Number of protein chains: 2
Amino acid sequence: MDDLTEMLKGTLEGCVLEIIDSEETYGYAITRRLNELGFTDVVEGTIYTILLRLERNGLVQVTKRPSGLGPPRKFFALNDAGREELAAFWAKWEYLSSRIDKLKEGGR
Amino acid sequence: MDDLTEMLKGTLEGCVLEIIDSEETYGYAITRRLNELGFTDVVEGTIYTILLRLERNGLVQVTKRPSGLGPPRKFFALNDAGREELAAFWAKWEYLSSRIDKLKEGGR
DNA sequence: ACCACTACACAGTAACACGAAGTAGAGGGG
DNA sequence: CCCCTCTACTTCGTGTTACTGTGTAGTGGT
């Protein structure tokens, strides 16, 4: 699938929140997971900027743990604010995708 | 619905293409149509920049016609390139929304 | 004269995903 | 022993996009 970057704006962060919510995990693994899920072109740099943003906005709790096969990992878990943000994201997605699908079906 | 602007990036242009494809129309009317369809916060300034972009990218054919109740209108119609772009947009939307819905259903 | 509605244009802003480069740790092959 | 690969995180700069604000202009109503 060719360039999805513009369409991902605003949704990729929500996807990251969802993944973190389903399991405490770290940047590199999140990137791999997204690649598996069909977001094939998402690269680490993108995810790390999102994770730093989440941290800066106080939506996640961060724990550093040694890895065994590389540098230590920064594990992320959602806090209450993060779960609220995730719920808000899904509400928006629901709203937007329903409108767009309706538009696609020919309008009214 | 609170701020959808980030999520609209990449999709709003496609919505405009779809509206133009369904009927030759002009900026002000497109804005009103989008507002009706639930994109309540979309304003004219946004649509005009999109229309200028479409024109610059050679996706539309433009015709100026007098209005009768205001300044002349610039009517937009898709050309072949525009219809191709629209098809590509829907393909991307289909792809992305299916992946995100799958992620929402709990992943795998 | 003033206001409301229609209609378009344009300069500036903020947010976001991405690319590129770098740092660092662990393990394996020649 | 050095190089390469894979894991893992960071940071700076870039391009695209939607939005905001402001301005212009035409028509009709009060």
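In this predicted model, A:C15 is tucked away from the surface: the residue is buried, with a relative accessible area of 0%. B:C15 counts as buried too, at 0% relative accessibility. Do these cysteines sit close enough to bond, or too far apart? The closest cysteine sulfur to that of A:C15 belongs to B:C15, and it is 18 Å away, which is too far for a bond. A disulfide is a covalent bond between the sulfur atoms of two cysteines. To count as one here, the two sulfur atoms would have to lie within 2.5 Å. Seen from the other chain, the sulfur of B:C15 has its closest cysteine sulfur in A:C15, 18 Å off, so no bond can be counted there either. The tally over all chains is zero disulfides.

Next comes the DNA, starting with strand D. How many residues surround this strand? There are 26, and the closest are A:Y28, A:Y48, A:R73, A:K74 and B:R53. Of the atoms of DNA strand D that come within 4 Å of the protein, 76% are sugar and phosphate. Two tyrosines of chain A show what contacts with the phosphates look like: a polar side-chain atom of A:Y28 lies 2.5 Å from a phosphate oxygen of DNA strand D, and for A:Y48 the distance to a phosphate oxygen is 2.7 Å. A:K9 reaches a base instead, with an N or O atom of its side chain 2.8 Å from a base oxygen of the strand. Among the elements that give two or more residues to this surface are α3 (27-36) and β3 (73-78) of chain A and α2 (12-22) of chain B. The largest share, four residues, comes from α4(B). Sorted by type, the residues near DNA strand D are 10 nonpolar, nine polar and seven charged.

DNA strand C has 28 residues around it, with A:R53, B:Y28, B:Y48, B:R73 and B:K74 coming nearest. Sugar or phosphate makes up 80% of the strand's atoms within 4 Å of the protein, and bases make up the rest. A polar side-chain atom of A:R53 lies 2.6 Å from a phosphate oxygen of DNA strand C. From chain B, the side chain of B:Y26 places an N or O atom 2.9 Å from a phosphate oxygen, while for B:S67 that distance is 3.2 Å. Elements giving two or more residues here include α1 (5-8) of chain A and α3 (27-36) of chain B. Which element gives the most? That is α4(A), with four residues. The residues near DNA strand C divide into 12 nonpolar, nine polar and seven charged.

Key:
Residues numbered from 1 in each chain as written. Chains lettered and ligands numbered in written order. Predicted model: local features only at pLDDT ≥ 70, side-chain atom pairs only at ≥ 80, totals over all residues. Heavy atoms only, no water. Buried < 20%, exposed > 50% of the residue type's maximum accessible area, 1.4 Å probe, protein only. Near = heavy atom within 4 Å. Polar contact = N/O pair within 3.5 Å; in protein donor to acceptor, adjacent residues only side chain to side chain. Nonpolar A, V, L, I, M, F, W, Y, C, P; charged D, E, K, R; others polar.
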